[in-house]
Amino acid sequence: MNRKLLDPFEPEYPEAVEACLDDEYAVKCAFSHSGSLLATARSDGRCYIWDMDTLNVMRKLNHGETALLGLSWSRSGRYILTYDEAGICIVWDLQTEAIRARVEFGSAVAHACMHPRTSSKFIVCPTREAPCLVTIGSDGATEPIISPIRISADSVNQKAKAAASTCCCFGKKGVYAFFGSSKGHVYAVDTQSLKVVCSTKLSSSAVNTMARNPRGSDIVTSSSDRILRVCEVQLPGQETRRKVMPADTPPAITVTTKIQDIVNRVHWTQALFSSSGDYIVSGIQHKAEHNIYIWDKFTGSLVKMLTGPNELLEDCAVHPLRAIYASVSTFGIIYMWTRVPQQNWNAFAPGFRELEENIEYLEPEDIFDRRLERPEGEGVDCVQARIQQDKRAAAGADESEMSIDVDITDNDPLFSDSDSQSDDDGFVLPVLVECDDNLVSTLLPEPDPQLADPQLAANEAPTTPGQTIVES
């Protein structure tokens, strides 16, 4: 669909369920950076890659027998990270369906995230270990480098083996990484020096999920105290919604908006930003409700509530470019939420007039006459005028110096990023054609046994086209 025909003032959130994807073991889902692919993590240890155009499964990745806990896409969409309860993290190459890197930890992985600019780095939050930054070699043959990150002195309790971090995410450019702890702290870590730059305490409850704004510098968190918090991250030299921070300003994390359901006091499954970064999207954890709430990021007021079937909502994901949401139910069904776009044809043709209803066309009586009379009284032969016009057009095309109207296509700012430093930005998942052996055997003729035997083929005399061999 042509994005220029869409109404720019149309709301950025969906309205109803358009399609359902039947995946009985799905527990988590995530869109790729371009939004053309949807990945689902399954409880049977496999990962499915869905095509958003055809809504069919493109790849099936077998991680193992342990249930997957989540996944993360690279910026190019060529690599995907999967992690499970056994503490195994695997980076897959979707072009070859090969394992690029495999890292094992001593405990289950609570959360992991790929670097937003390069596919050779990702951060991991094991449940009983300190968070780590993993660096993968370019050739894939060298062992990954695991760099532990000590976010605080009392982050790991040696007696109780408490979790050092529960969730994580990268900043927009990957210079900083943010971690949420089980004690309610949020830490900003420099990915080069692996040192804590700043931290803040949100509450005494654990931070369950964390996500960054794709169009800004703020992050959103969901805690066990059933409150969603929007935190503004002020980094040196980075532009925020209020002002541009000077280069010598120390970084800080400030809570700007708090969102909660005071009446029902429900738990939130996931906290995400919309594609534009102006709305907060989250689902509730209720055994008989499948609802998604949408709030305004600045005011915290409820904008829209999407009501689904009476099924438990496991996870939800937001399309990075369009008003499309994906939610996973407890039965493994993936619901695609969207809205029917209203096309604005005036943006394409300024003189175009939209009709509310059909208008009867009154054809003039002399519209197909050979000779027409002008208001001045002169007669014009329509056929001869058309022939002369075609001759002038053909003569003008033969001229060496002619003005050529070239339509220059500008890059869509939603699909392009000037700060991009990743490889394979134009990666397209190749299509694999699977042929049925029974169907191939019925379509292809059976081979000749004489041609299959090399001795018989060698004894045959060579022939030329049109020649007849007579045996004596």
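Accessible areas here come from the Shrake-Rupley method with a 1.4 Å probe, and for residues only the protein chains shown count as cover. The model is predicted, so local features need pLDDT of at least 70 and side-chain atom pairs count only at pLDDT 80 or more, while totals for chains, interfaces and linings use all residues. Residues are numbered from 1 along each chain as its sequence is written, and side-chain values use heavy atoms, with hydrogens and water left out.

**Exercise 1.** Describe the chain through its accessible surface and its buried residues.

*Solution.* Begin with the surface: the accessible surface of the chain comes to about 27,600 Å², and 50% of this belongs to carbon and sulfur atoms. Then turn to burial, where buried means under 20% relative accessible area, exposed over 50%, and partly exposed in between (1.4 Å probe, protein chains only). Of the 472 residues in the chain, 41% are buried.

**Exercise 2.** Find the order of the strands in the open sheet of 4 strands, and name its edge strands.

*Solution.* Recall that helices (H or I, at least four residues) and strands (E, at least two) are DSSP runs, numbered from the N terminus, and that two strands pair if DSSP finds at least two bridges between them. The chain holds 4 helices and 30 strands by this account. In the open sheet, the order is β10-β11-β12-β13 and the pairing is antiparallel. The edge strands, each of which pairs on one side only, are β10 (109–114) and β13 (145–148). As a last step, look at β10 and its antiparallel partner β11 (residues 121–126), which are joined by 5 bridges; here Ala 112 stands opposite Val 124 in β11.

**Exercise 3.** Work out how the rings of Tyr 13 and Tyr 279 are arranged, and then do likewise for Trp 268 and Trp 295.

*Solution.* Rings of Phe, Tyr and Trp (its six-membered ring) pair if their centres lie within 6.5 Å; planes under 30 degrees apart count as stacked, over 60 as edge-to-face and the rest as tilted. The structure holds 4 aromatic pairs. One of them is formed by Tyr 13 and Tyr 279, with 5.9 Å from centre to centre and 85° between the planes, and is edge-to-face. This pair links distant parts of the chain, 266 residues apart, with Tyr 13 in the segment before β1 (16–22) and Tyr 279 in strand β23 (residues 279–284). Both Tyr 13 and Tyr 279 are buried. For Trp 268 and Trp 295, the ring centres are 5.1 Å apart and the planes stand at 90°, so this pair is edge-to-face. Trp 268 and Trp 295 are both buried.
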